Amino acid sequence: MTADDLDQAVRLAVGTLREAPAEAWEERAGSLEWGCWETVEHLSDDLFAYAAQLGLRTPPLDREVPFVWESRRPGGPRNAIHADRAAGPAGLLQVLEASGALLVAMVRTTPSRVRAHHDFGASDPEGFAAMGVVETLVHTHDLAGGLGLAWTPPADLCSRVLTRLFPDAPTTTDPWTTLLWATGRAELAGHPRLTSWRWYGAPRP
């Protein structure tokens, strides 16, 4: 996975989300318990947080960079990043685009030898790019469900991120459906539906 892969994922997601009707942003995001607006804030926060982890000269391996993450309502996502509601959906998507650009820049400029903390285990810049791709693709799927949008990302992008983060996932099934299955969001013929899941971001040889 590369910075270009992440840039493509964010660009496609933002382009799709710009088509959402303004009145739909408070709808629930697919199967999530969050509204669409706060789901974009959560996705922006994910991308920002991954960039921050790579941003230190010596990243911590045992914890996240200690920003304050807090929820704006009971049950809402705990974010450091929140968009100004007065800026409307266009401003919200600028926050998403900017957060994605931060991670793209950090992946491009961080030496491949660097390791940084993630709850699923320390990873390298390529791993954080792949995590950003997964977050972007699957949360845009969640958002598309709430916003009434069509969303099918490129199969080759899905295949590459499955190879990098989900090494045990089936390789002969449709890549997008398989990624949704691997993240607990879809059925996959011949395989039990997942009720819990994780990725494997450990650096590859």
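This is a short talk through some helices, and a few single residues, of one predicted model.

Okay, let's start with a pair of helices. Two packed helices are described by the angle between their axes and the distance between the axes. For α2 and α4 the angle is about 175°, and the axes are 10 Å apart. Anything over 145 degrees counts as roughly antiparallel, so that's what we call α2 and α4. And what sort of residues make up that contact? They divide into eleven nonpolar, seven polar and two charged. If you want to find them on the screen, the α2 side includes C36, V40, L43, L47 and Y50, and the α4 side includes F128, M131, H139, L143 and L147.

Now α3, which runs over residues 88-109. Here's a little sanity check. With 22 residues at 1.5 Å a residue, α3 should span 32 Å, and its end C-alpha atoms are indeed 32 Å apart, so the two agree. Buried residues in α3 include G88, G91, L92, L93, L96 and S99, and further along you also get G100, L103, V104 and V107. What's covering them? The cover includes α1, α2 and α4.

Let's zoom in on one of those, L93 in helix α3. Its relative accessible area is 5%, and the cut-off for buried is under 20%, so L93 counts as buried. L93 touches V14, L17, R18, W25 and V40, leaving out residues up to four places away in sequence. V40 is a nice one to look at: L93 and V40 are 53 residues apart in sequence, but 7.7 Å apart in space, C-alpha to C-alpha.

L17 was in that list, so let's hop over to it. L17 sits in helix α1, and at 1% relative accessibility it counts as buried. Once you set aside neighbours within four places in sequence, L17 is in contact with W25, V40, L93, L96, T140, L143, L147 and L149. Compare that with R72: the C-alpha atoms of L17 and R72 are 55 residues apart along the chain and separated by 22 Å.

For contrast, have a look at L61, in the loop between α2 and α3. Is L61 buried or exposed? At 53% relative accessibility, L61 counts as exposed. L61 still has partners from elsewhere in the sequence, though: R115, A116, H117 and A122. Its C-alpha atom is also 8.6 Å from that of G121, which is 60 residues away along the chain.

On to α6, residues 175-182. How many of its eight residues are buried? Seven are, so you can think of this helix as mostly covered. The buried ones are P175, W176, T178, L179, L180, W181 and A182. Among the elements covering them are α4 and α5. Then, just after α6, G184 takes a positive phi of about 75°.

Last stop, cysteines. A disulfide is a covalent bond between the sulfur atoms of two cysteines. How many does this structure hold? Zero. As for where two of the cysteines sit, C36 has 0% relative accessibility, so it counts as buried. C158 is at 0% as well, and so it counts as buried too. You've met C36 already, by the way: it's one of the α2 residues meeting α4.

That's my tour, thanks for listening.

Conventions
Residues are numbered from 1 along each chain as its sequence is written. This is a predicted model: local features need pLDDT of at least 70, side-chain atom pairs count only at pLDDT 80 or more; totals for chains, interfaces and linings use all residues. Side-chain values use heavy atoms; hydrogens and water are left out. Buried means under 20% relative accessible area, exposed over 50%, partly exposed in between (1.4 Å probe, protein chains only). Helices (H or I, at least four residues) and strands (E, at least two) are DSSP runs, numbered from the N terminus. Contact means heavy atoms within 4.5 Å. The expected span of a helix is 1.5 Å times one less than its number of residues. A disulfide is a pair of cysteine sulfur atoms within 2.5 Å. Axes are lines fitted to C-alpha atoms, for helices over the stretch in contact, and angles run from 0 to 180 degrees between N-to-C directions. Angles under 35 degrees count as roughly parallel, over 145 as roughly antiparallel, 65 to 115 as roughly perpendicular and the rest as oblique. Ala, Val, Leu, Ile, Met, Phe, Trp, Tyr, Cys and Pro count as nonpolar, Asp, Glu, Lys and Arg as charged, and the others, Gly among them, as polar.
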